[in-house]
Amino acid sequence: MNKQNSTVMKLAETALLAALCYVSFTFLQIKIPVPGGDATSLHIGNTFCVLGALLLGGWYGGLAGSIGMTIADLMDPVYITGAPKTFVLKLCIGLVTGLVAHKIAKINETNDKKYVFKWSLIASIAGLAFNVIADPIVGYFYKQYILGQPQEVASILAKLSAGATFVNAIVSTILVVIIYNAVRPALIKANLIDVHVAANAK
């Protein structure tokens, strides 16, 4: 597959994953109302952001999450004001996951299933752990200084968000690792993932 076709294919796959982020967040979430007319939610939208980073790289996975879940925010009156925060954080989830999976572990340079499983798990944990830490912190300052909410309210919302984000991270990590390791062999055979294994590699 030449470079131009590879880029087009990655963009198409990014669009598909963005759609999955949107659908999973919009239709499969459990919304939890919180004080001030705001809400947090239990959802698996981040699953497809991290999956995209494992399959396509950090930028593509991050963009899939950013685009899909930002559109979801914009379509929901409760979340619309948080759309800019969502765009940045989801992009960062993808970048962190991609950094660990492809720059550090180089999972696309081996066919060792145990190695790929271990590092897909570590990369998923890294990306979602970043979100568990960053989401409530960024949310606190965003709500207080950008949206003008009182400090006490912003603090309560940050704590509630942290709890939901932690649960989401655990569920998403499990789903990502299962899905990625299940579909990876088929995608390699279909030439949808480029794996370059050195001649002397096991």
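**Briefing: contacts, core and surface patch**

Apart from neighbours within four places in sequence, Gln-144 is in contact with Gln-149, Gln-151 and Ala-154. The model is a predicted one. The points below cover Gln-144, the largest nonpolar core and a nonpolar patch on the surface.

**Gln-144**
- Gln-144 lies in helix α5, which spans residues 113–146.
- With a relative accessible area of 16%, Gln-144 counts as buried, because the cut-off for buried is under 20%.

**Nonpolar core**
- In soluble globular proteins, nonpolar side chains tend to be buried together.
- The largest nonpolar core here holds 31 residues, and Leu-17, Leu-51, Leu-54, Leu-55, Ile-107 and Tyr-180 have the most contacts inside it.
- At least two residues of this core come from each of α1 (3–28), α2 (45–56), α3, α4, α5 and α6 (151–189).
- Helix α2 provides the largest share of this core, seven residues.
- Leaving out residues up to four places away in sequence, Leu-17 touches Phe-48, Leu-51, Gly-52, Leu-56 and Ala-64.

**Nonpolar surface patch**
- A nonpolar patch on the surface is formed by Leu-63, Ile-67, Ile-71, Met-75, Phe-87 and Val-88; together they have about 520 Å² of accessible area.
- Helices α3 (58–74) and α4 (83–104) each contribute at least two residues to the patch.
- The most comes from α3, which gives three residues.
- Phe-87, one of the patch residues, sits in helix α4.
- Phe-87 has a relative accessible area of 34% and is therefore partly exposed, as this value falls between the 20% limit for buried and the 50% limit for exposed.

Notes. Residues are numbered from 1 along each chain as its sequence is written. This is a predicted model: local features need pLDDT of at least 70, side-chain atom pairs count only at pLDDT 80 or more; totals for chains, interfaces and linings use all residues. Side-chain values use heavy atoms; hydrogens and water are left out. Patches are made of residues with over 30% relative accessible area and no salt bridge: like charges are joined within 9 Å, nonpolar side chains (Val, Leu, Ile, Met, Phe, Trp, Tyr) within 5 Å. Accessible areas come from the Shrake-Rupley method with a 1.4 Å probe; for residues, only the protein chains shown count as cover. A salt bridge is a side-chain nitrogen of Lys or Arg within 4 Å of a carboxyl oxygen of Asp or Glu. Helices (H or I, at least four residues) and strands (E, at least two) are DSSP runs, numbered from the N terminus. Buried means under 20% relative accessible area, exposed over 50%, partly exposed in between (1.4 Å probe, protein chains only). Contact means heavy atoms within 4.5 Å. A nonpolar core is a set of buried Ala, Val, Leu, Ile, Met, Phe, Trp, Tyr and Cys residues joined through side-chain atoms within 4.5 Å.
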